[in-house]
Amino acid sequence: MTITSNTGDKPHGIPRGLARTGPVLFSYGFRPFFLGGALWAVVAMALWIAAITGAMGFAEQYGAYHWHAHEMLFGYSSAILAGFLLTAVPNWTGRLPVSGWPLFFLFLLWLVGRLAFLLSDSTGVVAAVAVDALFLPALLFICVREVVAGRKWKDLKVITGLLALSIANIFFHYEVIVGEHPDMAYRLAISAYVGLIMVIGGRIIPSFTRNWINGRKRTDFPVPFNGFDTVAIAFGVLALGLWVVVPDSRFTAIGGMAAAMLHVVRLWRWRGWTTFAEMLVAILHIAYLFVPLGFLAIGLSALGLVDPVSALHVLTIGTVASMMIAVMTRATRGHTGRVLTASGMTTASYVAIVLCALARPAAGFLPELAPTIYALSGALWMGAFSLFVCEYGPMLVRVRRKI
C-alpha cells in the first residue's frame, strides 16, 4: 500500500512529517523497524534452535554461540530501538521525522547487516563485521543531529546510551575476532539498554499511567519525576558500571542490591497496580519490575549465589525484551490511530514474554531440566514476537486509521 498526494494537500489521516509518496511502511521509523525487528527476533531464535540441535550450521567462522548473542543484543533489539528513537526524537525536538528514501536506506543498512552475518562463512567475518558496524553509528548520527538542531540538550542522556551501545557492538566484534569471549562487551550492551529504559521509562510510564488514570476521572496519579528518580538512576548507572567492569566484586553486589531497592520504590511511586484493568498500560509496569529484579540478580551473581548467565537473561528477556514488546504495542496502536487497549492477542504476547523471562533463568537452578527449559523458553520467545507480527504487522503496513 502506498501514500499518495496529487494535490499537494496533506492526505486524510496522515500526521505531520509522514512521507507523502511511496510505501506507507517507510513513512515513519516505527513501521519498518518494529516489523523487521519482531520478525528477526522469531527467525534468529529459530535459527539458533536449529544450530544447537544440529539441524543446520551457519556463521561457523564467527561461532554460532557468538552469532546468537550478537543477534539478540544488536540484531532484533537495535531495530526496535531504532523504531522507537526515530519516532520519539521528532516528538521531543519538534522536528520532522526521517521518512521515505532516507528511512528505506537506513532500514536496508540494518537488514544487510543481518544477512551479512548470517552468511559470514561466505562473505568473510571481517566483511560482515564491517557492514554490521555501520548501522548503530548511522542511527547515532541521526539522533545527535536532531537533538542538536532541536536544542534539546536534556535528551543527550539518551544519546549517551546509544553511543555506549555502538561502542559495545564494535568491542563485541573485536573480542570475537581476536579469540576472546565478549563478556565485557555484552555486559556493556545490556547496561546501555537498561540505562535507556531507566531514563526513557521514567518519562513514558508515569505519563501513560497518568493519562489512563485521568481518563477515568481519578486523581491518584503517579509521583512526578523528582530528585528521587535522579538518585535511583544514578545508583542504577553505578551498579551497571560495576557489573560491566568487575562483575564478581562485592562492590557490584552492594551496588546491585542498593539499585534494586531504589528501583522497587521508584516503580511503586508510579502506582502500577491501579492500571491492571488495562494491560496496555500495566505491561509497562510489569516490564519495569524486571529492572530491580535484574539488579538483584547481578548482585546475587556477584556473590556467587546466582549463575551469571541466569542473571544476564533476567535483564535481556525480562527488562529489555518485555519492555520492547510493551512499547511496540503501545506506540503502534497510538501512531496508527487505533484504540489504546490491549486485545486478547496482545495480552497473550505479554504473557508469553513474561513467562519466557521467568523460565529461561531457571535453567541455571535446574541444570537437569535445562534442555526442556531451553525449548520452552525458545517457544515462548517466538510465540510472543509471532503474536506481535500477526496482529500488528497489518497495522504497520497500512495507512493510519482516522480517529
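This section describes aromatic pairs, cysteines, helices and selected loop residues in a predicted model.

Aromatic contacts come first. A search of the whole structure finds 22 aromatic pairs. A pair of aromatic rings is described by the distance of the centres and the angle of the planes. Phe-26 and Phe-104 form one of these pairs. Their ring centres lie 5.3 Å apart, and the planes meet at 85 degrees. The arrangement is edge-to-face, because the angle is over 60 degrees. This pair links distant parts of the chain. Phe-26 belongs to the segment before α1 (30–52), whereas Phe-104 lies in helix α3 (residues 101–118). The two are 78 residues apart. Their exposure was also computed. Phe-26 has a relative accessible area of 11% and is therefore buried. Phe-104, at 27%, is partly exposed.

The rings of Phe-84 and Trp-92 also pair. Their centres are 6.4 Å apart, which is within the 6.5 Å cut-off for a pair. The planes stand at 70 degrees, so this pair too is edge-to-face. Phe-84 and Trp-92 are both buried.

Phe-26 and Phe-104 also belong to one aromatic cluster. Its other members are Phe-33, Trp-101, Phe-105, Phe-107, Trp-110 and Phe-135.

Two arginines place a charge over a ring. The charged end of Arg-203 sits over Trp-92, at 4.4 Å from the centre of the ring. Trp-92 thus takes part in an edge-to-face pair with Phe-84 and lies under the charge of Arg-203. In the second case, the charged end of Arg-210 sits over the ring of Phe-221. Here the distance to the ring centre is 3.9 Å.

Helix α3 also holds Leu-109. The relative accessibility of Leu-109 is 23%, so this residue counts as partly exposed. With residues up to four places away in sequence left out, Leu-109 touches Leu-134, Phe-135 and Ala-138. Of these, Phe-135 is a member of the aromatic cluster. Leu-109 and Arg-338 are separated by 229 residues in sequence. In space, their C-alpha atoms are 30 Å apart.

Helix α2 (residues 64–93) was examined for length, bend and burial. Its 30 residues, at 1.5 Å a residue, should span 44 Å. The end C-alpha atoms are 41 Å apart, which agrees with the expected span. The helix has a kink of about 45 degrees, centred on Glu-71. Helix α2 is mostly covered, with 27 of its 30 residues buried. Gly-94 follows the helix and has a positive phi, near 80 degrees.

Cysteines were searched for bonds. A disulfide is a covalent bond between the sulfur atoms of two cysteines. The search of the whole structure finds zero disulfides. Cys-356 is in no disulfide, and its nearest cysteine sulfur, that of Cys-390, is 17 Å away. Why does Cys-390 not bond to Cys-356? Their sulfurs are 17 Å apart, too far for a bond, because a disulfide needs sulfur atoms within 2.5 Å. The two cysteines also have separate exposure classes. Cys-356 is buried, because its relative accessibility is 2%. Cys-390 has a relative accessible area of 55% and is therefore exposed.

Ser-349 lies in helix α13 (residues 344–359). Its relative accessible area is 2%, so Ser-349 is buried. Ser-349 touches Ile-325, Ala-384 and Leu-387, with residues up to four places away in sequence not counted.

Two loop residues close the survey. Lys-217 is not a glycine, yet its phi is positive, at about 60 degrees. Lys-217 is placed in the loop between α8 (183–215) and α9 (227–245). Is Lys-217 buried or exposed? Lys-217 is exposed, because its relative accessible area is 75%, over the 50% cut-off. Arg-271 is likewise not a glycine, and has a positive phi of about 55 degrees. Arg-271 lies in the loop between α10 (250–269) and α11 (279–302). At a relative accessible area of 25%, Arg-271 is partly exposed.

How values were computed: Residues numbered from 1 in each chain as written. Predicted model: local features only at pLDDT ≥ 70, side-chain atom pairs only at ≥ 80, totals over all residues. Heavy atoms only, no water. Phe/Tyr/Trp six-rings, centres within 6.5 Å; stacked < 30°, edge-to-face > 60°. Helix = DSSP H or I, 4+ residues; strand = E, 2+ residues; numbered from the N terminus. Buried < 20%, exposed > 50% of the residue type's maximum accessible area, 1.4 Å probe, protein only. Lys NZ or Arg CZ within 6 Å of the ring centre and 35° of its normal. Contact = heavy atoms within 4.5 Å. Expected span 1.5 Å × (residues − 1). Bend = angle between axes of the 7 residues up to and from the residue.
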